[in-house]
Amino acid sequence: MIIRVRRIAAVCALGTALTALAACSAPQPVRAPRATAGSAIASASPAAGPPTLAPGPAGLTPVFEHGPRTGDRAVALTFDADMTADQGPRAARGERFDNPGLIAALRELKVPATVFMTGRWAEQYPRQARSLGRDPLFEIANHSYSHYAFTEDCYGLPTVDEERMRTDVERAYAAFREAGVPDPMPYFRFPGGCHDTRALRALTPAGVTAVQWDVVSGDAFATDAGAVAREVLDGVRPGSVVVLHCTLSAAPTTERVVRDVVPELRGKGFRFVKVSELIGASGGRR
């Protein structure tokens with residue numbers, strides 16, 4: 001997901017070169033690891049599997065926005081590794097959809113984080129995807145294969161047909177598998193954050209928990225790292241989920257933002273966690 005710098009509204013765009021998803025044979029569909037009904041109010045123990053939320057009304061895919069507001073001052077930094085299905089030529093010409101400096105900063109500062117990765121990104125950067133997936137500091141979650149929208153009128157993104165929504169998510173998990181990511185999480189972030197009842201219903205069989213956010217960093221297309229840092233610092237509360245980006249060409253200030261924000265939030269008593277910890281602490285509640 002790409003979000004422009006605004007204090008009130010997030011505007012998502014990846015550029016003007018978006019075209020129809022290339023017709024190619026998809027890898028064998030792979031579902032996300034799914035919690036059983038008895039583990040919907042799960043701990044994060046390996047035996048129980050990753051914590052997920054109980055299904056929403058009428059069994060719809062549940063949506064998570066933030067963790068508990070009381071008690072522990074935990075905050076989750078999340079990074080969207082965006083790349084659409086048709087942006088290979090731009091990458092071939094040198095456009096950077098990755099951000100090694102950002103990942104190095106997170107490792108240097110020992111900041112756990114959740115990376116919402118598109119399948120196309122994993123195909124473009126398989127070694128980086130594998131490295132992130134095997135590093136206990138990070139967890140990999142699903143941001144679709146194509147980064148096409150799951151609703152109409154989603155910040156100018158092309159859309160995925162309803163009958164292909166689940167396939168698009170499963171294709172991303174297949175791309176993670178091919179890249180060597182061992183245990184992707186059963187969490188999904190809608191491109192642009194755009195979803196409706198139809199999309200939530202379409203993804204119910206995939207067994208994912210949809211993850212939104214409550215703090216918009218505004219790092220996408222930003223040139224003023226200080227302004228982005230202020231957005232984060234002003235918005236964070238206990239249990240917050242902060243959305244940032246792992247795409248150097250579209251979010252060039254994010255490494256600087258992380259280096260500024262992390263020590264300041266730690267100085268205020270916050271600690272950084274992965275999304276899975278916040279979901280586990282929520283006791284299965286949205």
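This passage describes the overall make-up of a predicted model, followed by its disulfide, helix α7, its largest cavity and two backbone details.

The chain, treated here as a predicted model, holds nine helices and nine strands. Of its 286 residues, 56% are buried. Contacts across the sequence are a good place to begin: when those between residues at least 6 apart are considered, 81% turn out to join residues at least 24 apart.

One covalent link illustrates such a connection between distant parts of the chain. A search of the whole structure returns one disulfide, and its partners are C154 and C194, with sulfur atoms 2.1 Å apart. The two cysteines are 40 residues apart. C154 sits in the loop between β4 (138–142) and α5 (165–179), whereas C194 belongs to the loop between β5 (187–188) and α6 (197–202). The link of C154 and C194 is right-handed, with 85° about the S-S bond. Both ends lie below the 20% cut-off for burial: C154 counts as buried because its relative accessibility is 0%, and C194 is buried as well, with a relative accessible area of 12%. Another cysteine, C246, is also buried, at a relative accessible area of 2%.

Attention turns next to helix α7, which spans residues 225–235. At its start, a side-chain oxygen of D224 comes to within 3.0 Å of the backbone nitrogen of G226. Further along the helix, the buried residues are A225, V228, A229, E231, V232 and L233. These buried residues pack against three elements, namely β7 (215–216), β8 (241–245) and α8 (254–267).

V232, one of the buried residues of α7, reappears in the lining of the largest cavity. Rolling a probe the size of a water molecule over the atoms shows where empty space is left. In this model, a search of the whole structure finds one cavity of 30 Å³ or more, and the space inside the largest cavity is about 30 Å³. Along with V232, its lining includes L77, V242, L244, V257, V258 and V261. Two elements, β8 and α8, each give two or more residues to this lining. The largest share, three residues, comes from α8. In character the lining is uniform, with seven nonpolar residues, no polar ones and no charged ones. Helix α7 can thus be viewed alongside its surroundings: β8 and α8 are among the elements its buried residues pack against, and they also contribute to the lining of the largest cavity.

Two residues deserve a closer look for their backbone angles. A58, although not a glycine, has a positive phi of about 60°. A58 lies in the segment before β1 (63–64). Because its relative accessible area is 84%, A58 is classed as exposed. Y155 provides a second case, with a positive phi near 55° in a residue other than glycine. Like C154, Y155 is found in the loop between β4 and α5. At 36% relative accessibility, Y155 counts as partly exposed, whereas the disulfide partner C154 has 0% and is buried.

Terms used: Residues are numbered from 1 along each chain as its sequence is written. This is a predicted model: local features need pLDDT of at least 70, side-chain atom pairs count only at pLDDT 80 or more; totals for chains, interfaces and linings use all residues. Side-chain values use heavy atoms; hydrogens and water are left out. Buried means under 20% relative accessible area, exposed over 50%, partly exposed in between (1.4 Å probe, protein chains only). Helices (H or I, at least four residues) and strands (E, at least two) are DSSP runs, numbered from the N terminus. Contact means heavy atoms within 4.5 Å. A polar contact is a pair of N or O atoms within 3.5 Å; within protein, one must be able to donate a hydrogen and the other to accept it, and residues adjacent in sequence count only if both atoms are side-chain atoms. On a 1 Å grid over the protein atoms alone, a cavity is a set of points where a 1.4 Å probe fits but cannot get out, and a pocket is an open set with protein on both sides within 12 Å along at least five of seven lines; lining residues have an atom within 4 Å of a point. Grid points are joined across faces, edges and corners, and a volume is the space filled by probe spheres set on the points. Ala, Val, Leu, Ile, Met, Phe, Trp, Tyr, Cys and Pro count as nonpolar, Asp, Glu, Lys and Arg as charged, and the others, Gly among them, as polar. A disulfide is a pair of cysteine sulfur atoms within 2.5 Å.
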